[in-house]
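User: I am new to this structure. Please explain the labels you use and how each one is earned.

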Amino acid sequence: MKRILILGGGFGGVYAARTLEKLLKAELNRSEVELGLVSRDNYMVFQPMLPEVISGSIGIVDTITPIRRLCPRTNLYTRIIESIDLKRKRVVAAAGFGSQQLYLEYDHLVIALGNVTSFAGQPGLAEHALPFKYLGDALVLRNHAIHVLEEADIERDPEMRKSLLTFVVAGGGFSGVEAVAELNDFVRAAAKSFKNIMPEQIRVVLLHAGGVILPELPESLGRFAQDLLMKRGVEIRFDTRLQGATADAALLASGERIATRTLVSTVPSGPNPLVAALQCQKDRGRIVADAHLELPDYPGVWAVGDCAHIIDSRTGQASPPTAQHATREARCVAENIVASLRGTAKRRFAFKALGKMGALGHRSAVAEVFGVKLSGFVAWWLWRTIYLMKLPGLDRKIRVAVDWTLDLILPADIVQLRTDRSVGIRREHFEPGEVIFEEGGHGDWLYIVVDGEVEVLKRVPGASAMSLRRLGPGECFGEIALLGDHVRTATTRSVTAVNLLAVDREAFEALFSTLPPLRHFFERLIEERMALGERLTQADGTPSAAHRARAAARESASFR
Ligand SMILES: Cc1cc2nc3c(=O)[nH]c(=O)nc-3n(C[C@H](O)[C@H](O)[C@H](O)COP(=O)(O)OP(=O)(O)OC[C@H]3O[C@@H](n4cnc5c(N)ncnc54)[C@H](O)[C@@H]3O)c2cc1C
């Protein structure tokens, strides 16, 4: 029996499995071939429709299709893949409910693992920017947008209100433009249900590194798209790069900061870590496959989709990372695996893209199909027709058609689904000079410095704040308010750019009450810090002689 194993349940993996099922019907019936597919989720996401999940014009689960229904003759392993051993021809999948990893051996392996969102090299993005690639991302963004509208409606501080009503999307390519168009339509329509939000208070900003958006399309279509978005109230910042983020701002390469509580980044995507770990030929992180989509050094191992570097035999150009290419590569790889099994000739990959389309919300889109440029309603109608036809599964087609029809007549749904479980621990990033928390505020988090330096400051009536201490990597702060249920006894500010681990009250209390050594550590730390605070301030709150002496000593030490 020959074992064919496919890694990844996206366009590449699922279409390869579907084609193999068709081509190997007889072999599967005679149990001469076994087909397996490993993927993290048991569904395939139809990414082109993902932006519409933000606005709710498509139901949350209508853009996904269960893989079992699409490939009924394939054994589906819904597991996270941990490693691929090309030499031993073995894939290891993580343990499920039990503690047993799964070892899967193969004769033919198809790698279709796509790429991943990568915020490497942009400080604060991993902590504070919302990615936009998976179904969960669209859902999180939708819920987040509703949440900030709810907060803005009751917020009294005008600055905070402004930042709550500012939405920033970075990336003027297809996914960024489609996301900003849907987000803009959604927040403006949803805001009508909020008594205290005026339409002119909403600011939606698109950051684009080039001079014209949608560089994948002819310039005239990019210009049409940007004029249309600007007419609808999207502010486009051209030749602008996102450099980093904090909890309350998008930081631009020019040094400008845009105060916002919603930053979506569609820009970077990096190689899947499993692909990065493979010892095989790569081109800019993508697996190099030959004209038949096989790895030159590993016969029987094939690569398709976004994770593969494939030269189109017709054009001599590398195939772009799109769904239309991934599905064609998948069919080609299935045919070539069958050819290998039967000892017949393999086919070289060649595909002429049919066109490119981008939806702009509000019944308009831009498209270039068979070289013909279209924009506005006609392009939008074509977009919907083509993608509805391409959406796998009749049930999904019907659901989406119904969603679209209802969306024409019903108002924007503003129900916020709270899917997040208790946070426990999260990462936070601050640029130099930012306040992490304010003296007198309510304290719900303990902070641990990962890297950088923070300063603890105490208010002094009629004088500038007094520095109590500086903390560096491995040190923690914020425990006093958390343990005693007090308000914050000091202000904390970043001295340098700083990365923190923030532990929430519930997680901290669970650790504190069950780990006696930790309890003793914090009790001692609080005692020491309280005593120092008392020594450094007099009864009237002004710096004590001890503090002045310490400051003088520090000053003299720095002159040595
Ligand atoms: C918002 C958005 C809109 C888009 N719109 C269009 C469009 O209109 N037209 C178009 O042609 N293309 C579009 N694309 C691009 C298109 O979606 C991709 O090119 C396509 O999904 C690539 O398919 P793939 O199979 O290579 O990778 P993916 O679809 O990314 O599939 C990778 C699979 O591998 C699985 N996986 C990864 N790592 C592991 C692991 N460790 N363990 C288990 N499973 C794992 C994932 O769960 C996933 O199932 C869009 C992309 C996005 C993000």
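User: Why is tryptophan 380 called buried?

Analyst: This is a predicted model, and the label comes from a computed area. Tryptophan 380 has a relative accessible area of 12%. Buried means under 20%, so tryptophan 380 is buried.

User: What makes phenylalanine 377 partly exposed?

Analyst: Its relative accessible area is 47%. Buried needs under 20% and exposed needs over 50%, with partly exposed in between. The value for phenylalanine 377 falls in that middle range, so it is partly exposed.

User: How do you know that phenylalanine 377 and tryptophan 380 are separated by about one helical turn?

Analyst: Both lie in helix α12, which covers residues 377-390. They are three residues apart there, so about one helical turn separates them.

User: How many aromatic pairs are there?

Analyst: The count comes to 11 aromatic pairs. Phenylalanine 11 and tyrosine 15 form one of them, at 6.3 Å centre to centre and with 10° between the planes.

User: Why is the pair of phenylalanine 11 and tyrosine 15 called stacked?

Analyst: Ring centres must lie within 6.5 Å to pair, and planes under 30 degrees apart count as stacked. The centres are 6.3 Å apart and the planes differ by 10°, so the pair meets both limits.

User: Where do these two residues, phenylalanine 11 and tyrosine 15, sit relative to each other?

Analyst: Both are in helix α1. They are four residues apart, which means about one helical turn lies between them. Phenylalanine 11 is buried at 9% relative accessibility. Tyrosine 15 is buried too, at 10%.

User: What makes the pair of phenylalanine 377 and tryptophan 380 tilted?

Analyst: Their centres are 5.4 Å apart, with 40° between the planes. Stacked needs under 30 degrees and edge-to-face needs over 60. The angle of 40° fits neither, so the pair is tilted.

User: Which residues form one aromatic cluster?

Analyst: Phe11, Tyr15, Phe46, Trp383, Tyr387 and Trp404 do.

User: Is lysine 22 buried or exposed?

Analyst: Lysine 22 has 63% relative accessibility. Exposed means over 50%, so lysine 22 counts as exposed. Lysine 22 lies in helix α1, residues 11-23. Lys22 also gathers with Lys25, Arg73, Arg331 and Lys390 in a patch of positive charge on the surface.

User: Why is leucine 37 called buried?

Analyst: Its relative accessibility is 0%. The limit is under 20%, so leucine 37 counts as buried. Leucine 37 lies in strand β2, residues 33-39.

Terms used
Residues numbered from 1 in each chain as written. Predicted model: local features only at pLDDT ≥ 70, side-chain atom pairs only at ≥ 80, totals over all residues. Heavy atoms only, no water. Patch = residues over 30% accessible without salt bridge, like charges linked within 9 Å, V, L, I, M, F, W, Y side chains within 5 Å. Areas by Shrake-Rupley, 256 points an atom, 1.4 Å probe, with all protein chains shown as cover. Salt bridge = Lys/Arg side-chain N within 4 Å of Asp/Glu carboxyl O. Lys, Arg positive; Asp, Glu negative; His and termini not counted. Charge placed at Lys NZ, Arg CZ, Asp CG, Glu CD. Buried < 20%, exposed > 50% of the residue type's maximum accessible area, 1.4 Å probe, protein only. Phe/Tyr/Trp six-rings, centres within 6.5 Å; stacked < 30°, edge-to-face > 60°.
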